[in-house]
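Work through the exercises below with the sequence and the model open. Try each task before reading its solution.

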Amino acid sequence: MAASASRGRRGGSADRVPGHVAIIMDGNGRWANARGLRRNAGHEAGEEALFRSVEGALALGVRDLTVYAFSTENWRRSPEEVRFLLEFNRSLLLRRVDELIDRDVRVRFIGRRARPVPGRLIALMERTEERTAHCSRMTLRIAFNYGSRSELVDAARRAAEDVASGALRRIDARSLAARLDDPAMPDVDLLIRTSGEQRVSNFLLWQAAYAELVFTDVLWPDFDEAELARCVAVYAARDRRFGGAQDRPSSAEPEA
Ligand code: IPE
Ligand code: IPE
Ligand code: MG
């Protein structure tokens with residue numbers, strides 16, 4: 001990180017503002033444990049961190065913000081925690097969508113909309129998408145019952161069906177991408193994970209193929225606009241090459 005930051009000060013090649021920021025919101029349980037609270041209190045505290053991130057992203061001019069709210073693997077948690085997370089997310093949508101509309105933020109969901117996700121949560125997701133469909137300043141995508149592998153399996157199945165029916169000639173990167181959960185979703189520029197964990201946990205494996213990864217030790221309930229801005233500054237100093245050659249010598253190399 002230090003090397004790329006110093007190179008960045010000489011002019012990182014990343015646009016200063018990432019168009020699409022994705023966040024793995026992690027560390028709620030540890031935040032609560034450290035305070036002698038139950039894990040669910042950490043999830044509750046994460047709500048404000050999410051809204052601070054929306055404010056921060058809007059202030060920076062980010063166009064797409066995607067957050068990981070519940071993974072296909074999170075069903076492995078205790079029934080109490082799973083039940084809490086389902087109900088908490090439903091109540092959050094009920095209570096706070098008006099604020100997002102006020103800020104001109106469109107909401108979309110990615111992930112499998114099927115059991116065991118309760119029908120009334122799926123209905124609320126659909127209503128939220130409809131109610132915010134006219135908003136255009138930023139798109140907030142919430143990954144719920146999301147796993148990249150199931151998304152890719154579903155996309156591959158749809159493509160194969162379309163080939164069989166004659167609707168599609170051949171499967172390539174473009175036709176597969178067009179069958180992901182939200183084909184309008186652009187590639188991820190900056191992927192942030194909080195809480196010090198350095199893994200991707202089945203999040204946006206296709207869309208983040210060339211994302212810059214930034215890991216922060218901050219636990220999700222403590223994440224705020226300033227920490228988002230710091231992550232964006234780290235991103236802005238990176239040299240994105242997309243497989244091409246570096247266009248200038250790094251500070252470690254002698255000047256030509
Ligand atoms: C992230 O925090 C929230 C979800 C995965 C739903 P965690 O609940 O994973 O918190 P830790 O990792 O146990 O601290
Ligand atoms: C990833 O966090 C999923 C979400 C943030 C919703 P986890 O806490 O579930 O991931 P692992 O199990 O530590 O990889
Ligand atoms: Mg975790």
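Two residues are in contact when heavy atoms lie within 4.5 Å. This is a predicted model, in which local features need pLDDT of at least 70 and side-chain atom pairs count only at pLDDT 80 or more, while totals for chains, interfaces and linings use all residues. Residues are numbered from 1 along each chain as its sequence is written, chains are lettered from A and ligands numbered from 1 in the order in which they are written, and side-chain values use heavy atoms, with hydrogens and water left out.

**Exercise 1. The chain as a whole**

Task: Describe the elements of the chain, its compactness and its contacts.

Solution:
- Step 1. Helices (H or I, at least four residues) and strands (E, at least two) are DSSP runs, numbered from the N terminus. Counting them gives 8 helices and 6 strands.
- Step 2. Read from the N terminus, the order is α-β-α-α-β-α-β-α-β-α-α-β-β-α.
- Step 3. The radius of gyration is 19 Å and the globule rule gives 18 Å for 256 residues, so the chain is as compact as a globular protein of that length. The radius is taken over C-alpha atoms, and the rule is 2.2 Å times the number of residues to the power 0.38.
- Step 4. The C-alpha trace spans about 65 × 60 × 35 Å along the principal axes.
- Step 5. Of the contacts with a separation of 6 or more, 77% are between residues 24 or more positions apart.

**Exercise 2. Surface and charge**

Task: State how much of the chain is buried, what its surface is made of and how its charges are placed.

Solution:
- Step 1. A residue is buried under 20% relative accessible area, exposed over 50% and partly exposed in between (1.4 Å probe, protein chains only). Buried residues are 48% of the 256 in the chain.
- Step 2. The exposed area is about 12,800 Å², of which carbon and sulfur atoms supply 49%. Areas come from the Shrake-Rupley method with a 1.4 Å probe, and for residues only the protein chains shown count as cover.
- Step 3. Lys and Arg count as positive, Asp and Glu as negative, and His and the chain ends are not counted. A charge is placed at NZ of Lys, CZ of Arg, CG of Asp or CD of Glu. There are 41 positive and 38 negative side chains, and the centres of the two sets are 2 Å apart.

**Exercise 3. An aromatic cluster**

Task: Which residues form one aromatic cluster together with Phe203?

Solution:
- Step 1. Rings of Phe, Tyr and Trp (its six-membered ring) pair if their centres lie within 6.5 Å; planes under 30 degrees apart are stacked, over 60 edge-to-face and the rest tilted. The whole structure holds 8 aromatic pairs.
- Step 2. In one of them, the ring centres of Tyr68 and Phe203 are 4.2 Å apart with the planes at 10°, so this pair is stacked. Tyr68 is in strand β2 (residues 64-71) and Phe203 in the loop between β5 (190-193) and β6 (212-215), so the pair ties together parts 135 residues apart in sequence. Both Tyr68 and Phe203 are buried.
- Step 3. Tyr146 and Phe203 form an edge-to-face pair, 6.0 Å centre to centre with 90° between the planes. Here Tyr146 belongs to strand β4 (residues 138-146), and the two residues are 57 apart. Tyr146 is buried at 0% relative accessibility.
- Step 4. Tyr68, Tyr146 and Phe203 therefore make one cluster.

**Exercise 4. Backbone exceptions**

Task: Find what is unusual in the backbone against this background: most residues other than glycine have a negative phi, and most peptide bonds are trans.

Solution:
- Step 1. Asn202 has a positive phi near 65°. Its place is the loop between β5 and β6, and it is buried at 14%.
- Step 2. Leu204, in the loop between β5 and β6, also has a positive phi, about 50°. Leu204 is buried at 1% relative accessibility.
- Step 3. The peptide bond joining Arg115 and Pro116 is cis, with omega about 10°. Pro116 sits in the loop between β3 (105-110) and α5 (119-131).

**Exercise 5. Three arginines**

Task: Is each of Arg90, Arg115 and Arg240 buried or exposed?

Solution:
- Step 1. Arg90, in helix α4 (residues 79-102), has a relative accessible area of 18% and is buried. Beyond its neighbours within four places in sequence, Arg90 is in contact with Arg120, Leu121 and Leu124.
- Step 2. Arg115 is in the loop between β3 and α5 and is exposed at 80%. Its C-alpha atom is 9.5 Å from that of Asn145, 30 residues apart along the chain.
- Step 3. Arg240, in the segment after α8 (225-236), is buried at 11%. The C-alpha atoms of Arg240 and Asp189 are separated by 9.7 Å.
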